[in-house]
Amino acid sequence: MPIETKPQIDALINVIVLLRPEWNRAGVFSVLKKAHEEGNPLLLRPFEDIVVACTRKAADPKTRGPAPLLMEGRHWDTNGSGPAPNVHPDTGYDTTVPVEPCPDHEGWSAHNCGGCAADILAGLRPPEYKGLPYDPHKHGRVS
Ligand SMILES: [Zn+2]
């Protein structure tokens, strides 16, 4: 079901403005209204697709204003279940967020390093050194 009710419009505008507080409700509403008046076929998509697409576009820091929300683009490539364009398909992490690499384990990010986690489980690294450089000879062994 496409957008049919005012509560749907309000909910959509609410989530967009929550993501982009610098956009005002009237501006987002006028984008929706204009698309409706022009008979934009994207508005005939199911409401959930419209919400997902607009949410993706609004969450993209490269989107400067609400105008592109209802333009064709990758943010509409939903297929009902596909990952958002900025989400890594394996990790599910947003690839637009800069990730600090683990200094001791190449290919892992510091905040969720599997190498550090394994070292900690094996008693080779103190937990407070997760994602930080650790040299057992310099820092002393884990007791
Ligand atoms: Zn690590």
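**Exercise 1. The core**

Task: Find which residues form the largest nonpolar core of this predicted model, and which element gives the most to this core.

Solution:
- Step 1. List the members. The largest nonpolar core holds twelve residues: Leu12, Ile13, Ile16, Val28, Val31, Leu32, Ile50, Ala53, Cys54, Ala58, Leu69 and Leu70.
- Step 2. Assign them to elements. Two or more residues come from each of α1 (6–19), α2 (25–37) and α3 (47–59).
- Step 3. Pick the top contributor. With four residues, α3 gives the most to this core.
- Step 4. Put the core in context. Nonpolar side chains tend to be buried together in soluble globular proteins.

**Exercise 2. One core residue**

Task: Leave out residues up to four places away in sequence, and state which residues Cys54 touches.

Solution:
- Step 1. Start from Cys54, one of the core residues.
- Step 2. Read off the partners. Cys54 touches Leu12, Ile16 and Leu69.

**Exercise 3. The two sides of α1**

Task: Work out which residues of α1 are buried and which on the other side are exposed.

Solution:
- Step 1. Check the length. The 14 residues of α1 reach 20 Å from first C-alpha to last, close to the 20 Å expected at 1.5 Å a residue.
- Step 2. Name the buried residues of α1: Leu12, Ile13 and Ile16.
- Step 3. Look down the axis. The buried residues of α1 fall within an arc of 95 degrees, so they line one face of the helix.
- Step 4. Find their partners. The buried residues of α1 pack against α2 and α3.
- Step 5. Turn to the other side of α1. Pro7, Asp10, Asn14 and Leu18 are exposed there.

**Exercise 4. Asn14**

Task: Decide whether Asn14 is buried or exposed.

Solution:
- Step 1. Locate the residue. Asn14 lies in helix α1.
- Step 2. Count. Asn14 has 12 other C-beta atoms within 10 Å.
- Step 3. Apply the cut-off. A residue with 12 or fewer is exposed, so Asn14 is exposed.
- Step 4. Add a distance. Asn14 and Arg25 are eleven residues apart along the chain, and their C-alpha atoms are separated by 7.9 Å.

**Exercise 5. The two sides of α2**

Task: Describe how the buried residues of α2 are placed around its axis.

Solution:
- Step 1. Check the length. α2 has 13 residues and reaches 18 Å from its first C-alpha to its last, close to the 18 Å expected at 1.5 Å a residue.
- Step 2. Name the buried residues of α2: Val28, Val31 and Leu32.
- Step 3. Use the arc. The buried residues cover only 90 degrees around the axis, which puts them on the same side of α2.
- Step 4. See what covers them. The cover includes α1.
- Step 5. Turn to the other side of α2, where Ala26, Lys33, Lys34 and Glu37 are exposed.
- Step 6. Move past the helix. Just after α2, Gly39 has a positive phi of about 70 degrees.

Terms used:
Residues numbered from 1 in each chain as written. Predicted model: local features only at pLDDT ≥ 70, side-chain atom pairs only at ≥ 80, totals over all residues. Core = buried A, V, L, I, M, F, W, Y, C linked by C-beta atoms within 7 Å. Buried ≥ 20, exposed ≤ 12 C-beta atoms within 10 Å, placed from the backbone. Contact = placed C-beta atoms within 7 Å. Expected span 1.5 Å × (residues − 1). Arc of directions from axis to C-beta.
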